[in-house]
Amino acid sequence: MATTQLTASSISAKGFASFEGLRSTTNLKVSSFAPLKQNSRSFHGLVVKASTVISPKYTSLKPLGDRVLVKIKTAEEKSVGGILLPMSAQSKPQGGEVVAVGEGHSIGKTTVEISIKNGTQVVYSKYAGTELEFDGSKHLILKEDDIVGILETDDIKDLQPLNDRVLIKVAEVEEKTSGGLFLSQAAKEKPSFGTVIAVGPGPLDEEGKRKALSVSPGNTVLYSKYAGNDFKGADGSEYITLRASDVIAVLQ
């Protein structure tokens, strides 16, 4: 079976990554590329559409079931010192305002309404939901269970967790080894334990009643290493929100 190897000396275009070092007796030429649209993101030459655009002829959007429509907060374009941030340095916002809710969902024979009301400022899981461009603004439609908590201020320490979520202040990183040697920044391992700051009311059982969580504010806990969503507080402290099931032990 004959094998044909297709390589190129260089591929380069605006908005695309450059690949060099490939050699062959035949050059691959690219005549043109379509320009990148404003509502698209570029990742190393790949173009990914940011969100689904809803036609202006639709003036309202009603979520179904246990889904919630959130108007996303605008990403910060400048640093605290006023320096304009490149797109790569702008963090994706994880919060916004609830603008519409579904009718709720059924648990057994019980119908449970959505507990969050319009106008509530919320924080949601990082990769949850479907992004929409609606009424000239970015929105996210997601399940109520993907909402981490209510946050009416700009400081994550004030978060009110929902359902089975827990807010934890992460323990500070050790600066020295047990032998007294100072650790470099690269050698400092992020701890997977901290102090519980706030807890949600608990998940719903089959009768629609809340089941209390097994951890309480003030507990020092150990949690799964790769669970939850990380945040930085106004004072520079590290926080994490996760489900109570990701807490694996209480330290005493």
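The following dialogue explains how to read the strands, sheets and cores of a predicted model.

Q: What secondary structure elements does the protein chain contain, helices or strands?

A: One begins by counting the elements. In this predicted model, the protein chain has zero helices and 20 strands.

Q: In what order do the eight strands of the open sheet lie?

A: A sheet is read from one strand to its neighbour. Here the eight strands follow the order β5-β11-β12-β6-β7-β10-β13-β14, and their pairing is mixed. At the edges stand β5 (52-53) and β14 (160-161), each of which pairs on one side only.

Q: How many bridges join β6 to β7, and which residue stands opposite V70?

A: A pair of strands is described by its direction and its bridges. Strand β6 (residues 67-72) and strand β7 (residues 95-101) run antiparallel and are joined by five bridges. Opposite V70 stands V98 in β7.

Q: Which residues of the largest nonpolar core touch the most other members?

A: The general idea is as follows: in soluble globular proteins, nonpolar side chains tend to be buried together. In this model the largest nonpolar core has 15 residues, and those touching the most other members are V68, V70, V98, I116, V122, L142 and I147. Two or more residues come from each of β6, β7, β10 (121-124), β12 (137-143) and β13 (147-150). Strand β6 gives the largest share, three residues.

Q: Which residues does V98 touch, leaving aside those up to four places away in sequence?

A: One lists the contacts of a single residue. On that basis V98 touches V68, L69, V70, I116, K117, N118, G119, T120 and V122. V70 is thus both a contact of V98 and the residue opposite V98 in the strand pairing.

Q: What is the strand order of the sheet with six strands?

A: The reading proceeds as before. This open sheet has the order β18-β19-β15-β16-β17-β20, with antiparallel pairing. Its edge strands are β18 (229-232) and β20 (247-251), each pairing on one side only. On average, neighbouring strands of this sheet are turned by 40 degrees against each other, direction ignored.

Q: How many residues lie between β18 and β19 in their hairpin?

A: For a hairpin, one examines the two strands and then the turn. Five residues lie between β18 and β19, and G236 in the turn has a positive phi of about 90 degrees. Four bridges join β18 to strand β19 (residues 238-243), and the two run antiparallel. F231 has Y239 of β19 as its bridge partner, while K232 stands opposite E238. Strand β19 is also joined by five bridges to strand β15 (residues 165-170), again in antiparallel fashion. There, R165 has R243 as its bridge partner.

Q: Which side chains along β17 are buried, and which are not?

A: One follows the side chains along the strand and notes the face to which each points. In strand β17 (residues 220-223) they alternate: V221 and Y223 point to one face and are buried, whereas T220 and L222 point to the other and are not. V221 and Y223 also belong to another core, of 13 residues, which lies apart from the largest one and has I168 and V170 among its members.

Q: How many bridges does β17 form with β16 and with β20?

A: Each neighbour is considered in turn. Strand β16 (residues 193-199) pairs with β17 over three antiparallel bridges, and T195 stands opposite T220. Strands β17 and β20 pair over four bridges, also antiparallel, with L222 opposite A249.

Notes
Residues are numbered from 1 along each chain as its sequence is written. This is a predicted model: local features need pLDDT of at least 70, side-chain atom pairs count only at pLDDT 80 or more; totals for chains, interfaces and linings use all residues. Side-chain values use heavy atoms; hydrogens and water are left out. Two strands pair if DSSP finds at least two bridges between them. Axes are lines fitted to C-alpha atoms, for helices over the stretch in contact, and angles run from 0 to 180 degrees between N-to-C directions. Buried means under 20% relative accessible area, exposed over 50%, partly exposed in between (1.4 Å probe, protein chains only). A nonpolar core is a set of buried Ala, Val, Leu, Ile, Met, Phe, Trp, Tyr and Cys residues joined through side-chain atoms within 4.5 Å. Contact means heavy atoms within 4.5 Å.
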